[in-house]
Amino acid sequence: MTASTAHDPRPAPPSRRTVLAGAGAGALAAGLPAAAARAGEGPVFGEYDVVVVGSGAAGMTAALTAAKRGLGVLLVEKAPAFGGSTARSGAGIWLPNNSVILRAGVPDTPQKAAAYLAAVVGPSVPADRQAAFLANGPRMLDFVMANSPLRFRYMDGYSDYYPDLPGGLASGRSIEPDQLDGRVLGAELARLNAPYMPVPAGMVVFSQDYRWLTLAAVNARGAAVAAECLARGTRAALRGEKPLTMGQALAAGLRAGLAQAGVPVWLECPLVDLLTEGGAVTGVVVEKGGVRGTVRARRGVVLGSGGFEHHAAMRAQYQQQPIGTQWSVGARENTGDGIRAGQRAGAALDLMDDAWWGPTVPLPGEPYFCLAERTLPGGLLVNAAGARFVNEAAPYSDVVHVMYEKDRGAPGSHIPAWLVVDQHYRNKYLFKDVLPALPLPDSWYASGAVHTAWTWDGLAERIGVPAAALRATLSRFNAQAWSGTDADFGRGRTAYDHYYTDPGVYPNSCLAPVLLPPFHAFRIVPGDLGTKGGIVTDARARALRPDGSVIRGLWAAGNASAAVMGRSYAGAGSTIGPAMAFGYAAANDIADG
């Protein structure tokens, strides 16, 4: 992908199953750990119809569905807490034609959704798998609402990421969980995985609110939203509630559904391997209480165990350098256990070189995944040559695709990049959790994540880019900001570009000049929400071998499977929406069998 095509959601991908199909399963199995375990490994901890691995959105939806279909279900989770990356997330859920958006008056239709998804993902994702996602998504959501305390809100105005493609909607198709009282979980609430960014104390904040909270110092609606967040928190406190939103609400609500359905959840019970007999998966090998043993699955195993974002060797094997586990905000337990177990059982893998990327500031302690910050007017991204290279407001995954594409063959040219802003920007907008005009933490400077200087040339020296080039870039950018037209990269051309911007800035809410000293530069690296490559599955979420045959007894969903979004990202929640839809599909397929 080049800078001029940064908005194109379809960079040329390798064909499906290329990771394994070329050399065959035998050749690629070389060097892997021992083959999938056979019966008789350790004590038998139990026998169920279905064993689900992983307690994120995919796993819990699968377990809930299977239980409500009358099957005996066990869910095993590696971590000491449930919820995985889902609990850490903003919990946007992209589901075309679901009942929540249709009641809100969103003009969606099955035809529009199919046209849009096909345009976004291209031919690399089989049409029947795309259709399965679109068909299962709305049914799954209604099922979850009928069988758990979860309710959902339409994220009005959060545009599809490519609204100008056929079937795209500028109003968006994304939803998020409504406020949930954590008391529904009782003592189990203490075992909910912590959020990536805690909600400010005393407030109840929805994912969609952050758009406006960023602008609270300069925008009347932003101030009103901040007041409403505080009012929600006050009302909840007066009622004695434990209010949850975003990923905390989604994970807690699904867990409450499992409790009501009587599904046991074994925490600190990591998957070691799959149990296989006669070429079929018949259970799992796990560690429970420090003892390795087996759990038999009469009907099947569903892998919802997440990606491999925190497995350094896998990232080094499959993904372009530079890459780092320290740049991911995915759950730290996501080390590809289910993917590797599936591969040992013969599964094909795909999209292993890709992830749910986003420009990220490598702050000390934990990386910060940038959404609004790179889009707000008064900032721009530059490479090591001091030049712009992308539409900063493009979908976050696309921005990192461009970084890697341009860094390929010229290491260090675009990774790291730098987000350059001025003090006018800092005086107006929230940055992460640092209020406008307040100084940035000393630790950010000490780590090299941010630099400040009083002149353009001084800033160039601090970040190691040519001063003359940075001056020329800023001069051109400022002229385009005054005119309101980004002739170089088209920033502000789509409704999505304008979502995280300042409506008080004219003539283009994405663009403002960088003029007021001091000037600041934030180091930008290719972070992610998790990896998106994994086990190749069919429209029924069944695991497939390289030759396309089905591995009996094995299903996969979420980031343990190769994403139905291919190499693109249709809208906010394109991770969780398909994860839940295919978890639901997997459980129904098992029950129907």
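How many bridges join strand E9 to strand E10, and in which direction do the two strands run? I will start there, with the caution that what we are looking at is a predicted model. There are six bridges between E9 and E10, the latter covering residues 280–288, and the two strands run antiparallel. If you want a single pair to look at, threonine 276 has valine 281 in E10 as its bridge partner. The hairpin that these strands make has two residues between them, and there glycine 278 adopts a positive phi near 60°. As for the surroundings of E9, which spans residues 271–277, five of its seven residues are buried, so the strand is largely enclosed by the rest of the structure.

Let me now step back to the whole chain. The protein has 18 helices and 21 strands. Its radius of gyration is 24 Å, close to the 25 Å that the globule rule gives for 593 residues, and therefore the protein is as compact as a globular protein of that length. The C-alpha trace spans about 70 × 60 × 50 Å along its principal axes. Of the 593 residues, 63% are buried, and the accessible surface comes to about 20,400 Å², with 55% of that area belonging to carbon and sulfur atoms. If we take the contacts with a separation of 6 or more, 76% of them are between residues 24 or more positions apart.

On annotation, an unreviewed UniProt entry lists residues 49–576 under "domain: FAD-dependent oxidoreductase 2 FAD-binding". Over those residues the chain is 30% helix and 20% strand, and the C-alpha atoms at the two ends are 25 Å apart.

A second piece of strand structure involves E3, E5 and E4, which form an open sheet in that order, with antiparallel pairing. The edges are E3, at 93–94, and E4, at 152–154, each of which pairs on one side only. Between E3 and E5, where E5 covers residues 174–177, there are two bridges, and tryptophan 94 has serine 174 in E5 as its bridge partner.

Following the chain on from E3, we come to asparagine 97, which sits in the loop between E3 and helix H5, at 99–103. Its phi is near 60°, a positive value in a residue other than glycine. In general, most residues other than glycine have a negative phi, and most peptide bonds are trans, and that is the reason for pausing on such places. Is asparagine 97 buried or exposed? At 15% relative accessibility, asparagine 97 counts as buried, because the cut-off for that label is under 20%.

Alanine 541 also has a positive phi, of about 70°, although it is not a glycine. Alanine 541 lies in the loop between strand E19, at 534–535, and strand E20, at 542–544, and with 0% relative accessibility it counts as buried.

Then there are the cis peptide bonds. The bond from isoleucine 415 to proline 416 is cis, with omega near 0°, and proline 416 is placed in the loop between helix H13, residues 396–407, and strand E16, residues 417–422. Likewise, the bond from proline 517 to proline 518 is cis, with omega near 0°, and proline 518 belongs to the loop between helix H17, residues 467–483, and strand E18, residues 519–531.

Within E18 I would point to leucine 529, which is partly exposed, with a relative accessible area of 28%. Setting aside residues up to four places away in sequence, leucine 529 touches several residues, among them Glu309, Val329, Trp356, Phe369 and Tyr569. Leucine 529 and threonine 575 are 46 residues apart in sequence, while their C-alpha atoms are 9.0 Å apart in space.

My last topic is the cysteines. How many disulfides does a search of the whole structure find? The search finds zero. For cysteine 370, the closest cysteine sulfur is that of cysteine 510, and because the two are 16 Å apart, they are too far from each other for a bond. Cysteine 510 is likewise in no disulfide, with the sulfur of cysteine 370 as its nearest. Cysteine 370 is buried at a relative accessible area of 0%, and cysteine 510, at 0% relative accessibility, also counts as buried.

Technical notes. Residues numbered from 1 in each chain as written. Predicted model: local features only at pLDDT ≥ 70, side-chain atom pairs only at ≥ 80, totals over all residues. Heavy atoms only, no water. Buried < 20%, exposed > 50% of the residue type's maximum accessible area, 1.4 Å probe, protein only. Helix = DSSP H or I, 4+ residues; strand = E, 2+ residues; numbered from the N terminus. Pairing = 2+ DSSP bridges. UniProt positions renumbered as here; feature names shortened; annotations may be inferred. Disulfide = S-S within 2.5 Å. Rg over C-alpha atoms; globule rule 2.2 N^0.38 Å. Contact = heavy atoms within 4.5 Å. Areas by Shrake-Rupley, 256 points an atom, 1.4 Å probe, with all protein chains shown as cover.
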